[in-house]
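These are notes for a first reading of the structure shown below. Please go through the points with the model open beside the text.

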Amino acid sequence: MLKRNIFLWMALVMLLSCNQSKTNDAKQIIEADNNWKPKFDQKLPLLGHRNWIVIADKAFPEQNAEGIEVIKTDENLLPVLKYVLQQVNSSGHVKPIVYRDKELQFITESQAKGVTAFRIESEKLMKMGKMNLELQPQSILHDSVFTKLDEASKLFKIVVLKTNETIPYTSVFLQLDCSYWNAEKEKQLREMMKSQK
């Protein structure tokens with residue numbers, strides 16, 4: 001009887017351990033997904049002029065290019081976009097040139113429920129007064145963005161933050177530019193260099 005009770009007790013302990021292990025495994029997966037912010041924060045100081053950050057919808061394809069790194073966020077697109085814009089804005093070394101899919105402007109509510117609200121909210125994010133953001137997104141065809149990414153990935157790192165967004169053509173593409181130098185200053189510099197020859 002004692003042996004049988006010990007055996008039953010051991011079996012119960014093993015069963016609970018297995019269940020706890022499964023719970024811990026599931027927790028690790030969730031925690032790994034929630035670790036996207038620290039991962040992104042580590043990457044941002046390394047990114048600079050000509051790098052890209054893509055805040056992608058759920059169907060954004062994994063690509064073969066070596067220069068593309070994908071981080072799964074397991075969040076909706078707008079909160080990820082907001083966080084990324086805040087971090088880029090406060091970085092001090094880069095500013096974004098924003099591209100949006102032209103197709104998004106033409107999708108109707110009957111085709112994709114929630115698209116109208118998404119457009120309104122994403123436009124608000126581009127003009128956040130607290131962050132001194134006045135971004136003017138450029139709308140280009142989806143395939144044109146992929147051409148730009150393909151070209152850039154041959155020389156420069158692209159970080160893709162994959163979200164759970166299921167409204168089509170909602171991905172936001174940030175081409176990074178230097179925040180402390182601009183095209184006008186570059187032009188002046190080149191003219192000065194030319195005149196010194």
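1. The largest pocket. The model is a predicted one. The largest pocket holds about 230 Å³ of space. Its lining is made up of 13 residues. Those nearest the centre of the pocket are Arg 100, Ser 122, Glu 123, Pro 137 and Ser 139. Two elements, strand E3 and helix H4 (115–125), each provide at least two lining residues. Which element gives the most to this lining? Helix H4 does, with three residues.

2. Overall layout. The protein chain has six helices and six strands. Their order along the sequence is α-α-β-β-α-β-α-β-α-β-β-α. The chain has 197 residues, and 34% of them count as buried. Among contacts with a separation of 6 or more, 87% are between residues 24 or more positions apart.

3. Asp 101, a buried charge. Asp 101 is part of strand E3, which covers residues 94–101. The residue is buried, yet it has no salt bridge. How far away is the nearest side chain of opposite charge? That side chain belongs to Arg 100, and the distance is 7.4 Å. A salt bridge requires the nitrogen and the carboxyl oxygen to be within 4 Å, so this pair does not qualify. The side chain of Asp 101 does have a polar contact with the side chain of His 142, at 2.9 Å. His 142 is also on the list of residues that Asp 101 touches, along with Ile 140, Val 145, Tyr 169, Ser 171 and Phe 173; residues up to four places away in sequence are left out of that list.

4. Lys 95, in the strand that also holds Asp 101. Lys 95 lies in strand E3. With a relative accessible area of 34%, Lys 95 is partly exposed, because that value falls between the 20% limit for buried and the 50% limit for exposed. Leaving out residues up to four places away in sequence, Lys 95 touches Val 88, Gln 175, Leu 176, Asp 177, Cys 178, Ser 179 and Asn 182. Lys 95 and His 49 are 46 residues apart in sequence, while their C-alpha atoms are 8.7 Å apart in space.

5. Salt bridges, the long-range case. Side chains of opposite charge can pair when their charged atoms come close. How many salt bridges are there? The count is six. One of them joins the side chains of Lys 43 and Glu 69, with 3.0 Å from N to O. This pair connects distant parts of the chain: Lys 43 sits in helix H2 (residues 36–43) and Glu 69 in strand E2 (residues 68–72), 26 residues apart. Lys 43 is partly exposed, with a relative accessible area of 23%. Glu 69 is partly exposed too, at 23% relative accessibility.

6. Salt bridges, two further pairs. The side chains of Lys 72 and Asp 74 form a salt bridge of 3.9 Å from N to O. Lys 72 has a relative accessible area of 47% and is partly exposed; Asp 74, at 36%, also counts as partly exposed. Another salt bridge, of 2.7 Å from N to O, pairs the side chains of Glu 186 and Arg 190. These two residues are four apart in helix H6 (residues 183–195), so about one helical turn separates them. Glu 186 is partly exposed at 25% relative accessibility, and Arg 190 is partly exposed at 45%. Elsewhere, salt bridges with shared partners join Lys 43, Glu 69 and Lys 157 into one network.

7. Backbone angles to check. Most residues other than glycine have a negative phi. Which sign does phi have at Arg 50? The sign is positive, with a value near 85 degrees. Arg 50 is in the loop between helix H2 and strand E1 (52–56), and at 44% relative accessibility it counts as partly exposed. Tyr 169 is not a glycine either, and its phi is positive at about 60 degrees. Tyr 169 lies in the loop between strand E5 (158–162) and strand E6 (172–178). At 32% relative accessibility, Tyr 169 is partly exposed. Tyr 169 is also one of the residues that Asp 101 touches.

Conventions
Residues numbered from 1 in each chain as written. Predicted model: local features only at pLDDT ≥ 70, side-chain atom pairs only at ≥ 80, totals over all residues. Heavy atoms only, no water. Buried < 20%, exposed > 50% of the residue type's maximum accessible area, 1.4 Å probe, protein only. Lys, Arg positive; Asp, Glu negative; His and termini not counted. Polar contact = N/O pair within 3.5 Å; in protein donor to acceptor, adjacent residues only side chain to side chain. Contact = heavy atoms within 4.5 Å. 1 Å grid on protein atoms, 1.4 Å probe; cavity = no way out; pocket = protein on both sides within 12 Å on 5 of 7 lines; lining within 4 Å. Points joined across faces, edges and corners; volume = space filled by probe spheres on them.
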